[in-house]
Amino acid sequence: NTLIKYLETNRVMNCDVLEILRRNSGDVLYDDNGSFLVYDRIGGINYINALHPTACDNILELVSCGELFCIRQKEYIEVIEKRFPARFHIECHQALYENHTKISMPEIPFDIQRLDSRHLSVVRENYHDVDSDGYIEGRIAEGMFGAFDNGNIAGFIGKHEEGSIGLLYILPEYRRKNLGAALAAFMVND
């Protein structure tokens, strides 16, 4: 497949789309010499890589659900927002850990435990990149973890619907204590 070959040329940049295609949870709606539109059926996300304005126009003609976008080129954000008005947009970054050895966990004075529905309000109060209780409930049910300090949540982490690690948040009073690094290592090792 030509799209897979293209994506493999930069595995870190394209690890999200490669994983979606590996899991067979995405539909390739456009594929033309490195420009692509892949729709993730699980997360409802349109992944767009448009190498030139004509490709962007062609891709946008094929978008039927314009709620969530992951766009590789910043210069097309305005074009997409005009066509599909967004409430907000956030810049996301990704990393790829390809080593099969476990990551060493920093020493932290906190217990890491699986979250359950009792923790929904704490996650909801602190994590603002998602505005759906149903989404957060689903992530907790699938396996979010929290770091606890004497029974109080100091931070948390989980996986998004498509499988990427995210939802990382450390409460302000617990920052600069290696807690984010410990939670990330815990999720990678899990």
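His160 sits in the loop between β7 and β8, where helices (H or I, at least four residues) and strands (E, at least two) are DSSP runs numbered from the N terminus. The model is predicted: local features need pLDDT of at least 70 and side-chain atom pairs count only at pLDDT 80 or more, while totals for chains, interfaces and linings use all residues. Residues are numbered from 1 along each chain as its sequence is written, and side-chain values use heavy atoms, with hydrogens and water left out.

His160 counts as buried because its relative accessibility is 18%; buried means under 20% relative accessible area, exposed over 50%, and partly exposed in between (1.4 Å probe, protein chains only). Its side chain makes a polar contact of 2.8 Å with the side chain of Tyr135. A polar contact is a pair of N or O atoms within 3.5 Å; within protein, one must be able to donate a hydrogen and the other to accept it, and residues adjacent in sequence count only if both atoms are side-chain atoms. Leaving aside residues up to four places away in sequence, His160 touches Tyr127, Tyr135, Arg139, Ile165, Gly166 and Leu167, contact meaning heavy atoms within 4.5 Å.

The strands on either side of this loop are β7 (residues 152–159) and β8 (residues 165–170), which run antiparallel and are joined by four bridges. Two strands pair if DSSP finds at least two bridges between them. One partnership links Gly158 to Gly166 in β8. Together β7 and β8 form a hairpin with five residues between them, and Gly163 in the turn has a positive phi of about 110°.

Helix α7 (residues 179–189) also involves this hairpin. Its buried residues are Leu179, Ala182, Leu183, Ala185, Met187 and Asn189. They pack against β7 and β8, as well as against β5 (111–114), α6 (133–143) and β6 (145–149).

A second buried polar residue is found elsewhere in the chain: Arg72, in the loop between β4 (68–71) and α4 (77–83). Why does Arg72 count as buried? The reason is its relative accessible area of 14%. The side chain of Arg72 makes a polar contact of 2.7 Å with the side chain of Asp16, and reaches the backbone oxygen of Met13 at 3.5 Å. Beyond residues up to four places away in sequence, Arg72 touches Met13, Asn14, Asp16, Val17, Phe36, Tyr47, Ile48 and Asn49.

The structure holds seven salt bridges, each a side-chain nitrogen of Lys or Arg within 4 Å of a carboxyl oxygen of Asp or Glu. One of them joins Asp27 and Arg41 at 2.6 Å, N to O. This pair links distant parts of the chain, 14 residues apart: Asp27 lies in strand β1 (residues 26–32) and Arg41 in the loop between β2 (35–40) and β3 (45–49). Asp27 is partly exposed at 31%, and Arg41 is partly exposed at 40%.

Arg83 forms another with Glu61, the closest N and O atoms being 3.2 Å apart. Here too distant parts of the chain are linked, with Arg83 in helix α4 and Glu61 in helix α3 (residues 53–62), 22 residues apart. Arg83 is partly exposed at 39% relative accessible area, whereas Glu61 counts as exposed at 56%.

Arg11 and Glu8 also form a salt bridge, with 3.4 Å between the closest N and O atoms. Finally, Glu19, Arg22 and Arg23 are linked in a network of salt bridges.
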